[in-house]
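Take a look at the model below. We start with its metal site, then turn to its cavities and its confidence scores.

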Amino acid sequence: MNIQESANSLEKIVALCKRRGFVYQSAEIYGGLNGVYDFGHLGSLIKSNLRQTWIESLQNPYGCVVMFEGALLGPEAVWKASGHVDHFSDPMVDCLNCKRRFRADDPDIAKGCPACGKKDSWTPVRQFNMMFKTEVGAAADGSSIAYLRPETAQSIFINFKNVLSTTRVKIPFGIAQIGKAFRNEITPKQFLFRMREFEQMEMEWFCKGEMALEYFEFWCAHRLNFYRMIGINMNNIRQRPHEKDELAHYSTCCTDVEYKFPFGWKEMEGIAHRGAFDLTQHSTHSGKDLSVFDEETKTSYIPTVVECSVGTDRTFLMVLFDAYDEDVVEGETRVVLRLAPRIAPIKAAILPLTKKQTEAAMCLYADIKKLGYQIEFDESGSIGKRYRRQDEIGTPVCFTYDFDSDNDGSVTARDRDTTKQERIGIDQVPAYIKKMLEK
Ligand SMILES: [Zn+2]
């Protein structure tokens, strides 16, 4: 099905996520926390597959990419230097009638209050800082102010010297980080698309200033591989270079990777030429020298940064939209997630045709499980119903142990996408899964 044709796709995805435990509203039994979500078994597995693929997608012919995991809390000084304390805000208005708050740049509010419908009843526009502020320790003085990080990048910049002096990397190189970030969005939107607590996968590429534009162009092209690797239909992906007036003041160029959601083209990833702004700021504010020494020219310089920043949760949502399909099998409409095998949460299901085959099928299950694959065993319900359950969570293949299996040493391999079945030797099952994951 073409996603443009199904107006209620977002509702369908939300329903599927809830039904199969991919995603839960956070603190649901207490009424939920708006813009915050929890991920269940299958959702966690998909996210972990996305992270692994993202790390693989950073391999490049020019330099090392080392991993990093920074703290979520940062002292005020960091966010002063980065500009977030003074500038990381959205324009906000309150409805004078119902007191609800909205972003002043939301095109919907021109028509009246989206909550109560009242027209032209707004407070003047104010700036609302999106960082979550907290206090660290018991002292009530200013020294204890901290913020939950609104982006992961700054912890990389402030650790630049530590990484440089302990990992033996040489310019150019990248520092990659996967972790949570927090933004107190005025209006969280579109399920996982705009959340208040979310995960970023970011890589900061450090290079010489004169090479930065070339690397920027390299990463713009190279990053598309990630979307191919996770199985996205590339007709739904485009790159959009920022206009001059969209650029941050320190940035020379920036390109977004966008995905075509039913609610429009939306940003998945930002690739930005950040200049030497970040390291220069932290050098100035901390008083620590963050320059590197160039052996060739015998001079010191502050490296330039090219940043590639993807939202994990958005990517998760994109993957579900792109994979979601409905078709008719044996006169019945089925929901099928056509996930790339490497992203599928469950790689295969082992199914005994009837309870009589349970024991033998269980042996096969245990053997495959030992190889480290995430697989399921399911013996309850009709075989058609069990196939449908696996289709809906994107399991690429089901192996059915049936009446003949004991005699011919074979099982039926049933393909999720085509529903075609073929007979394969039980000893061929591991190779079948391995091959499928290499695609
Ligand atoms: Zn209102």
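Donors here are N, O and S atoms within 2.8 Å of the metal, a cut-off that applies to metals other than Na, K and Ca. The model is predicted. Its zinc ion is coordinated by four cysteine sulfurs: the SG atoms of Cys95, Cys98, Cys113 and Cys116. The distance is 2.3 Å. Along the chain, these donors follow the spacing C-x2-C-x14-C-x2-C.

Now consider the geometry. Four donors count as tetrahedral if all angles lie between 85 and 135 degrees. Around the zinc ion, the four donor atoms subtend angles of 106 to 115°, so the arrangement is tetrahedral.

Are the ligands buried or exposed? Buried means under 20% relative accessible area. Cys95 has 1%, so Cys95 is buried. Cys98 has a relative accessible area of 21%, which means that Cys98 is partly exposed.

Next, the cavities. A search of the whole structure finds two of 30 Å³ or more. The largest has a volume of about 40 Å³. Which residues line the largest cavity? They are Ile230, Gly231, Ile232, Val319, Asp322, Ala323, Arg338, Leu339 and Ala340. By class, six of the lining residues are nonpolar, one is polar and two are charged.

Finally, confidence. The protein chain averages a pLDDT of 93. Of the residues, 97% score at least 70. Residues 1-5 stay under 50. For that stretch, the model has eleven contacts beyond four places in sequence.

Notes. Residues numbered from 1 in each chain as written. Predicted model: local features only at pLDDT ≥ 70, side-chain atom pairs only at ≥ 80, totals over all residues. Heavy atoms only, no water. 1 Å grid on protein atoms, 1.4 Å probe; cavity = no way out; pocket = protein on both sides within 12 Å on 5 of 7 lines; lining within 4 Å. Points joined across faces, edges and corners; volume = space filled by probe spheres on them. Nonpolar A, V, L, I, M, F, W, Y, C, P; charged D, E, K, R; others polar. Donors = N, O, S within 2.8 Å, 3.2 Å for Na, K, Ca; no water. Tetrahedral: all angles 85-135°; square planar, octahedral: opposite > 155°, others 65-115°. Buried < 20%, exposed > 50% of the residue type's maximum accessible area, 1.4 Å probe, protein only. pLDDT = per-residue confidence, 0-100. Contact = heavy atoms within 4.5 Å.
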